[in-house]
Amino acid sequence: MALLKAKIVIAPLGEADLAMVNRLAGTLGGLFNRGVDILKGMRMPTEAYNETRSQYYARIILSKLERVKANNRETIIGICEEDLYLPNAHYVLGYADDLSSTAVISLFHFRQDFYGLPEDDTKMYPRLYKEVVRQMSRLYSIPPCSNPVCVNFNSDEMMDIDDKSTRMCDVCLQKLQKVYIR
Ligand SMILES: [Zn+2]
């Protein structure tokens with residue numbers, strides 16, 4: 001009997017753009033060869049909010065996400081609109097913890113209007129997708145890639161994100177094959 005593969009669960013947080021979430025759900029399953037569910041919307045945890053910084057602490061969000069997991073093997077990805085931080089970083093685009101198989105990705109810095117430019121979904125969705133794949137690679141123990149064109153390249157600057165492709169390089173794809181048989 002084939003082992004039932006653990007699902008990817010996407011959790012829209014707060015006012016997260018549901019069109020983006022639906023689009024993500026439609027593409028992630030194929031890449032990681034797993035079923036994808038979308039959870040009913042969750043509130044942004046108020047205890048994660050830091051008033052001094054006007055940002056949310058990514059680690060507290062992950063601990064909240066961990067609690068809604070149906071089982072240990074499930075991977076849960078939170079998508080939010082709010083700005084995220086870690087104590088050692090001004091902001092983070094996304095953050096993943098492989099021990100709890102949880103990740104959170106913010107649309108905050110991906111929006112064009114953040115840079116004073118008109119909103120443009122054709123730019124925003126690829127940014128979100130690339131960041132989600134990069135964070136999910138961490139969850140599946142695929143190390144960061146040094147190839148700047150690979151979707152798994154560690155890019156924290158918007159220009160690097162826009163420059164890299166939406167595909168994995170051959171080296172990362174090979175590592176992804178091992179994820180398929182897990
Ligand atoms: Zn790569």
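**View 1. Helix H3, end to end, in a predicted model.** H3 takes in residues 121-139, 19 of them. From first C-alpha to last, H3 reaches 27 Å, close to the 27 Å you'd expect at 1.5 Å a residue. Just past the helix sits serine 141, with a positive phi of about 60°.

**View 2. The buried residues of H3 and what covers them.** Buried residues of H3 include Arg127, Leu128, Tyr129 and Lys130. Further along, Val132, Val133, Met136 and Leu139 are also among the buried ones, and so are the charged-type names Glu131 and Arg134. The cover comes from several elements, including helix H1 (18-32) and helix H4 (158-163). Strands pitch in too: E5 (75-80), E8 (94-97) and E9 (102-106) are part of that cover.

**View 3. The open sheet of 5 strands.** Read across, the order is E2-E1-E5-E9-E8, and the pairing is mixed. Why do E2 (36-38) and E8 each have one side without a neighbour in the sheet? Both stand at the edges with a single partner strand, so there's nothing from the sheet on the other side. On average, neighbouring strands here are turned by 15° against each other, ignoring direction.

**View 4. Where E1 meets E2.** Strand E1 (residues 8-12) runs parallel to E2, and 3 bridges join the pair. Zoom in on valine 9 and you'll find aspartate 37 of E2 opposite.

**View 5. Two helices on the sheet.** H1 packs on the sheet by touching E1, E2 and E5, with its direction at about 170° to that of E1. H3 packs on the sheet as well, touching E5, E8 and E9, and its direction makes about 160° with that of E9.

Key:
Residues numbered from 1 in each chain as written. Predicted model: local features only at pLDDT ≥ 70, side-chain atom pairs only at ≥ 80, totals over all residues. Helix = DSSP H or I, 4+ residues; strand = E, 2+ residues; numbered from the N terminus. Expected span 1.5 Å × (residues − 1). Buried ≥ 20, exposed ≤ 12 C-beta atoms within 10 Å, placed from the backbone. Contact = placed C-beta atoms within 7 Å. Pairing = 2+ DSSP bridges. Axes fitted to C-alpha atoms, helices over the stretch in contact; angles between N-to-C directions.
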